[in-house]
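The following note is addressed to a colleague who is beginning to read protein structures. Please keep the model in view while going through the numbered points.

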Amino acid sequence: MTLRRNPFAPYAPMARLLPCAMLLALPHGAFAQPVPASVPDEAPAASPASPSLNAPLSVSWKFTGQYFGNNPSSPTVQNGVVFFATGTRLYAVDAVTGAQKWRYPADQGSQLPTTVQTNLVVNGDLVYVGGGDGLYAFGATDGQLKWHYSIPSGVATAPAATESAVYVTGQNGRLYAISSKTGESLGGSWNAGGHAGIEVGDIVSDPSIANNIMFLVTSNQILRAVDLATGVQKYSYRLDGETSVATPAISGESMYIVMGNVLASYRLSTGQRRWFLRLYDTAAAPPALDAAGNAYIVTSDRYVYAVNDQGKSLWRQSVRVPEQPLARPIVAGSTLYVTSAFGGITAINTATGAITWNYNVQPSSTSASTVPTSTNISAAPLVALGTLFVLSDDGALTAFRKDASDSLAPMATDFYPVQGDALNGRAPFHFGAKVYDEGSGLNLSTLHFQVDGKEIARRIDSSEAPDKASFVFEAATGLITYDTVEGEGRTSELKNGHHTAAIMIQDWNGNALNKSWSFTTDDTLPQRQRPNRATTNGGAPGSNGSYTPQPGTSGPGQNSGGGGRGGRRGRRGGAPAD
């Protein structure tokens, strides 16, 4: 993986993260520090520790439901059951086995009248789902619809629940407080003047709750703190920056918000800013926090940064993940999990910044005729019950565990030249193959490619022109490509005769693939054009690196499949479950 130097390390020649006020004034080689907006606070109280789950992991089970492109709705767990939504369907499956508990609607041909475009929330015996026509409450044990609260403009952000009420914002800029028992609007200030809810403005990111106070951010860059007991605003604060991923992240008495390319820390009780840092690219998602209040931020240029509660870097180097991050990362003990486009999962040690595992989810489908060519992970993952749950937009929920069995070696397909083929050996001569592993994933540090017993170097950055013979591995598709070119000397032309190409790689459990194939070259044969091999697609980042996923887009159309457990080695889910 490509690494960049720690922006705050004393030996760093250039800062990668710079405080806003010092961005232009910082002398060469200076030791960058966060800008205090006031006298530094004491360290915030630690938030509850996240469940610990260290990588590498292996697939335990996979359940495939309805396709919904760039699905933003994250799964949730309660009482050993995983609840998740894909498009117009809601599922509940056993967290240990992946067996379906229930599905709504239960009828194979029916569906919700709206798509689910927010995270699910489970509180007590109810599952709350926000859609384009209001808020739904389902029974957690039976999947029956308990009530529907109509919001004609649609729900804007994920619901937030307390013991007696659920709070949700509408596209109309109002914050509603709804009785969890009756599904009706609460009275008092929540229903003043006969109008349900209170005016808060256009909410652009999910709210957070601490100490019975809801913290939310509006499109006009206002941070609001609303007392949920009274519906009265405690304070407001004008932010400075783009707020599309400005969900407040709370740890003790500190609150972290990212705005465009700025990470800022605020006092929870007053909204007063403590310090801020400028990133060199926009944040791709809200930060993840660990139990000590350390923040982990992923940016659109695929870098991951770690800072403590005083804004100082934790790692010697920042880490770059293989694909575009699309969802909020999560911390589980000492491991940070970052998900991305093309089914990418990267595990990073929070203490050192070292990558400890990576995996690419292979697409699946309930229909043999509509298997996507790739799948994105646009919903934040979840760690619970010793399991990492990842929901991808092909409708598949994949459960990864440390103790899951994986005794199968990686697979290799799509060889070029094909076994036994005869071709002209003049440059440019193309080699290709696809490798993948659906158990524990490919350990790329063990990847080797050889031609006639000669080791070919791997080029990490595929966008750079090779200065010597080198091959490229594309994690999103599993494709290995190598082209001989003029000027490489003896390797620029394959001599007439017999040749052998070979791939060696292990998965994260040590299962090894050693695959070779043979072909012959003859310079009297006409030279072929380079084959048009499959590349990343299906709603993926463009060549300019930009990517703005929209729910329900990309890939094949939604199918009516109900869902089923997908085999760990199979590309498709099982038969629709009734």
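1. A turn with a positive phi. Asn 211 sits in the loop that links strand 16 (208-210) to strand 17 (213-217). The model is a predicted one, and in it Asn 211 has a positive phi of about 55° although the residue is not a glycine. Is Asn 211 buried or exposed? Asn 211 is exposed, because its relative accessible area is 62%, and the cut-off for exposed is over 50%.

2. A second residue with a positive phi. Asp 414 also is a residue other than glycine with a positive phi, here near 55°. Asp 414 belongs to a strand, namely strand 35. Its relative accessibility is 46%, so Asp 414 counts as partly exposed.

3. The chain as a whole. The protein chain contains zero helices and 44 strands. Of its 578 residues, 56% are buried. Among contacts with a separation of 6 or more, 56% join residues that are 24 or more positions apart. The chain exposes about 23000 Å², and carbon and sulfur atoms supply 49% of that area.

4. A sheet of nine strands. Which order do the strands of this open sheet follow? The order is 35-37-41-40-39-38-42-43-36, and the pairing is mixed. Strand 35 (411-416) and strand 36 (422-423) are the edge strands, each pairing on one side only. Strands of a sheet pair through backbone hydrogen bonds, and they may run parallel or antiparallel.

5. One pair within that sheet. Strand 42 (residues 497-507) and strand 43 (residues 512-521) run antiparallel and are joined by 10 bridges. Within this pair, Met 504 stands opposite Asn 514 of strand 43.

6. The largest nonpolar core. This core has 26 residues, and those that touch the most other members are Phe 431, Phe 449 and Phe 473. At least two residues each are supplied by strand 35, strand 37, strand 38, strand 40 (470-474), strand 41 (479-483), strand 42 and strand 43. Strand 38 gives the largest share, with five residues. In soluble globular proteins, nonpolar side chains tend to be buried together.

7. The surroundings of Phe 449. Which residues are in contact with Phe 449, leaving aside its neighbours within four places in sequence? Among them are the aromatic-ring residues Phe 431, Phe 471, Tyr 482 and Trp 517. The list also includes Ile 456, Ile 480, Ala 501, Ala 502 and Ile 503, together with Lys 454 and Glu 455.

8. A buried aspartate in a loop. Asp 437 lies between strand 37 (430-436) and strand 38 (442-451), in the loop that links them. With a relative accessible area of 3%, Asp 437 is buried, since the cut-off for buried is under 20%. What does the side chain of Asp 437 reach at 3.0 Å? It reaches the backbone nitrogen of Ser 440. A polar atom of the same side chain of Asp 437 also lies 3.0 Å from the backbone nitrogen of Gly 439.

9. Two cis peptide bonds. The bond from Ala 55 to Pro 56 is cis, with omega near 10°, and Pro 56 is in the loop between strand 2 (35-36) and strand 3 (58-64). The bond from Ala 427 to Pro 428 is likewise cis, with omega near 0°. Pro 428 is found in the loop between strand 36 and strand 37.

10. A buried valine. Val 304 lies in strand 26 (residues 303-307). Val 304 is buried, because its relative accessible area is 1%. Not counting neighbours within four places in sequence, its contacts include Ile 297, Val 298, Trp 315, Val 319, Leu 336 and Ile 348. Val 304 and Gln 317 are 13 residues apart in sequence, and their C-alpha atoms are 9.5 Å apart in space.

11. A loop glutamine. Gln 171 is placed in the loop between strand 13 (165-169) and strand 14 (174-179). At 46% relative accessibility, Gln 171 counts as partly exposed. Where sequence neighbours up to four places away are not counted, Gln 171 touches Ser 153, Gly 154, Val 155 and Ala 156. Gly 154 is 17 residues from Gln 171 along the chain, and their C-alpha atoms are separated by 5.6 Å.

Technical notes
Residues numbered from 1 in each chain as written. Predicted model: local features only at pLDDT ≥ 70, side-chain atom pairs only at ≥ 80, totals over all residues. Heavy atoms only, no water. Helix = DSSP H or I, 4+ residues; strand = E, 2+ residues; numbered from the N terminus. Buried < 20%, exposed > 50% of the residue type's maximum accessible area, 1.4 Å probe, protein only. Polar contact = N/O pair within 3.5 Å; in protein donor to acceptor, adjacent residues only side chain to side chain. Pairing = 2+ DSSP bridges. Core = buried A, V, L, I, M, F, W, Y, C linked by side-chain atoms within 4.5 Å. Contact = heavy atoms within 4.5 Å. Areas by Shrake-Rupley, 256 points an atom, 1.4 Å probe, with all protein chains shown as cover.
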